[in-house]
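Here is a guided walk through this model, one stop at a time. Keep the structure open beside you as you read.

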Amino acid sequence: IGHKRENRNRFCKKWGACMYKVFLIEDEIVIREALERMIPWNEYGFELVGKAKDGEIALPMIRKTKPDVLITDIKMPFMDGLTLSGIVKKEIPEIRIVIVSGYDDFEYARKAIALGVDDYLLKPIAKADFVRVLQKIRESSRIIMRNLNRKSKNMKTTPGVIFLSCW
């Protein structure tokens with residue numbers, strides 16, 4: 001975890017200059033492609049690093065790309081979005097997760113909240129709602145980064161001790 005964030009910090013010259021890596025999982029190809037095209041990712045500070053049609057295919061790709069944000073459908077064949085989110089959250093605790101679903105079911109939302117999901121969007125998704133969620137994630141990540149930076153500046157340096165920030 002530390003090495004990934006350390007590499008990112010090397011390339012960030014100022015707050016907000018980093019591109020946040022996004023991985024998209026949606027079993028319906030038409031919706032997956034629409035979500036991919038809907039957002040001018042780079043303009044909002046995001047880079048789409050991967051996409052898959054289900055959680056089983058996505059998991060090894062996520063382990064390799066180590067995205068900052070996971071956008072996943074709930075109902076998919078083989079491995080659903082909630083199962084995937086639970087596995088990924090254990091392996092990459094700082095990952096931000098957005099659930100996309102056609103199901104307005106409180107039980108799904110309750111499970112998503114228990115997993116620490118950041119947001120839950122219902123299909124069909126309006127571009128404005130999608131952008132709002134991405135901006136919220138980006139801004140909250142900046143705040144975390146600033147707070148960690150302040151803490152690290154206030155810490156006295158100890159030989160042999162390195163402070164690695166999460167964001």
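Phe78 is exposed in this predicted model, with a relative accessibility of 68%. Its place is the loop between β3 and α4, the helix of residues 81-91. The backbone there deserves a look too: Phe78 is not a glycine, yet its phi is positive, near 70°. For context, most residues other than glycine have a negative phi, and most peptide bonds are trans.

Where else does a residue other than glycine have a positive phi? Go to Lys66, where phi is about 45°. Lys66 also sits in a loop, this time the one between α3 (55-65) and β3. Lys66 is partly exposed, at a relative accessible area of 39%.

The peptide bonds have a spot to visit as well. Lys123 and Pro124 are joined by a cis peptide bond, with omega at about -5°. You'll find Pro124 in the loop between β5 and α6. Keep Lys123 in mind, as we'll come back to that residue.

Now step back to the sheet. Five parallel strands make up an open sheet, and their order across it is β2-β1-β3-β4-β5. Which strands sit at the edges? They are β2 and β5, each of which pairs on one side only. Going from one strand to the next, the twist averages 20°.

Helices lie across these strands. α2 lies across β1 (20-25) and β2, and runs at about 170° to β2. α3 lies across β1, β2 and β3, with an angle of about 165° to β1.

Move over to the β5 edge. β4 (residues 96-101) pairs with β5 in the parallel sense, and four bridges link the two strands. To get from β4 to β5, the chain passes through helix α5 (residues 106-115), and this β-α-β crossover is right-handed. If you want to line the two strands up by eye, Val100 has Leu121 as its bridge partner in β5, and Ser101 stands opposite Leu122.

Follow β5 itself, residues 119-122, and you'll see the side chains alternate. Asp119 and Leu121 point to one face and are buried. Tyr120 and Leu122 point to the other face and are not buried.

That buried Asp119 has a charged partner. In general, side chains of opposite charge can pair when their charged atoms come close. Here the side chains of Asp119 and Lys136 meet in a salt bridge, 2.8 Å from N to O. Asp119 is in strand β5 and Lys136 is in helix α6, so this pair ties together parts that are 17 residues apart in sequence. How buried or exposed are the two ends? Asp119 has 14% relative accessibility, so it counts as buried, because the cut-off is under 20%. Lys136, at 42%, counts as partly exposed.

Back to Lys123. This residue forms a salt bridge with Asp73, and the closest N and O atoms are 3.2 Å apart. Lys123 lies in the loop between β5 and α6 (127-154), whereas Asp73 lies in strand β3 (residues 69-73), so the pair ties together parts that are 50 residues apart in sequence. Asp73 is buried, with a relative accessible area of 3%. The two also belong to a network: salt bridges that share partners join Glu26, Glu28, Asp73 and Lys123. So Lys123 is worth visiting twice, because the residue that makes this salt bridge from a loop also takes part in the cis bond to Pro124.

How many salt bridges are there in total? The count comes to eight. One of them is between Glu36 and Lys51, where the closest N and O atoms are 2.6 Å apart. Glu36 belongs to helix α2 (residues 29-38) and Lys51 to strand β2 (residues 46-52), so this pair ties together parts that are 15 residues apart in sequence. Glu36 is partly exposed, with a relative accessible area of 25%, and Lys51 is partly exposed too, at 37%. You've already met α2 as a helix that lies across β1 and β2, and this salt bridge gives you a side-chain link between α2 and β2 to look for on screen.

Notes
Residues are numbered from 1 along each chain as its sequence is written. This is a predicted model: local features need pLDDT of at least 70, side-chain atom pairs count only at pLDDT 80 or more; totals for chains, interfaces and linings use all residues. Side-chain values use heavy atoms; hydrogens and water are left out. Buried means under 20% relative accessible area, exposed over 50%, partly exposed in between (1.4 Å probe, protein chains only). Two strands pair if DSSP finds at least two bridges between them. A crossover is right-handed if, with the strands pointing away from the viewer, the path from the first strand over the helix to the second runs clockwise. A salt bridge is a side-chain nitrogen of Lys or Arg within 4 Å of a carboxyl oxygen of Asp or Glu. Axes are lines fitted to C-alpha atoms, for helices over the stretch in contact, and angles run from 0 to 180 degrees between N-to-C directions. Contact means heavy atoms within 4.5 Å.
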